[in-house]
Amino acid sequence: MDKPKKSFRAGPITASVFVNVRKVDGKNTEIPSVSFQKRYLDAGEWKSTTSLNTNDLPKAVLALTKAYDFILGMEKPVPEAEVSGNGTADQS
């Protein structure tokens, strides 16, 4: 498995951002994805799970929000002409 581009941790929860390259409309496009896991100690052995208990939820939200913000920062801004579709700013 490839290494994550970036990982965010909040307590035992880790959210990792991976970037896959796919062809979209004939162009190589980076498609980010996020996986998360919870690490815990069981009888002296570290294990991981994707199941969360109630106390884990705020930590998962924090780690996933950081991953989301990171992904938004990776995206290239769309030129204003492309947003309006006609080369002029939308006056609505």
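Where in the chain does A43 lie? The points below take up that question along with the rest of the fold.

1. **The loop residue A43.** In this predicted model, A43 lies in the loop between β3 and β4, the latter strand spanning residues 45–49. The phi angle of A43 is positive, at about 55°, although this residue is not a glycine. Most residues other than glycine have a negative phi, so the backbone at this position deserves a look in the structure above. A43 counts as exposed, because its relative accessibility is 82% and the cut-off for that label is over 50%.

2. **A second positive phi, at D25.** D25, which is found in the loop between β2 and β3 (27–42), also has a positive phi, near 55°, in a residue other than glycine. With a relative accessibility of 78%, D25 counts as exposed.

3. **Confidence.** The average pLDDT of the chain is 86, and 80% of the residues score at least 70. Over residues 86–92, however, the pLDDT is below 50, and this stretch has five contacts in the model beyond near neighbours in sequence. Where pLDDT is low, the predicted coordinates should not be read in detail.

4. **Overall layout.** The secondary structure of the chain consists of two helices and four strands, and read from the N terminus the order of these elements is β-β-β-β-α-α. Of the contacts between residues at least 6 apart in sequence, 36% join residues that are at least 24 apart.

5. **Burial and surface.** The chain has 92 residues, of which 15% count as buried. The exposed area of the chain is about 7,200 Å², and carbon and sulfur atoms supply 52% of that area.

6. **The nonpolar core.** Nine residues make up the largest nonpolar core, namely F8, A10, I13, A15, V17, A60, A63, A67 and I71. At least two residues of this core come from each of β1 (6–10), β2 (13–24) and α1 (57–74), and the largest share, four residues, is supplied by α1. As general background, nonpolar side chains in soluble globular proteins tend to be buried together.

7. **A15 within that core.** A15, itself one of the core residues, can be followed through its contacts. Not counting residues up to four places away in sequence, A15 touches K6, S7, F8, V34, S35, F36, A63, L64 and A67. Among these partners, F8, A63 and A67 are also listed as members of the core.

8. **S16, a buried serine.** S16 is found in strand β2 and is buried, because its relative accessible area is 9%, whereas the cut-off for burial is under 20%. The side chain of S16 makes a polar contact with the side chain of S7, at 2.8 Å. Leaving aside neighbours within four places in sequence, the contacts of S16 are with P4, K6, S7, S33, V34 and S35.

9. **T14, a buried threonine.** T14 is likewise found in strand β2, and with a relative accessible area of 16% T14 counts as buried. Once residues up to four places away in sequence are left out, T14 touches S7, F8, R9, S35, F36 and Q37. S7 and S35 therefore appear among the partners of T14, and both are also in contact with S16, under a contact cut-off of 4.5 Å between heavy atoms.

Note on methods:
Residues are numbered from 1 along each chain as its sequence is written. Side-chain values use heavy atoms; hydrogens and water are left out. Buried means under 20% relative accessible area, exposed over 50%, partly exposed in between (1.4 Å probe, protein chains only). Accessible areas come from the Shrake-Rupley method with a 1.4 Å probe; for residues, only the protein chains shown count as cover. A nonpolar core is a set of buried Ala, Val, Leu, Ile, Met, Phe, Trp, Tyr and Cys residues joined through side-chain atoms within 4.5 Å. A polar contact is a pair of N or O atoms within 3.5 Å; within protein, one must be able to donate a hydrogen and the other to accept it, and residues adjacent in sequence count only if both atoms are side-chain atoms. pLDDT is the predictor's confidence in each residue, from 0 to 100.
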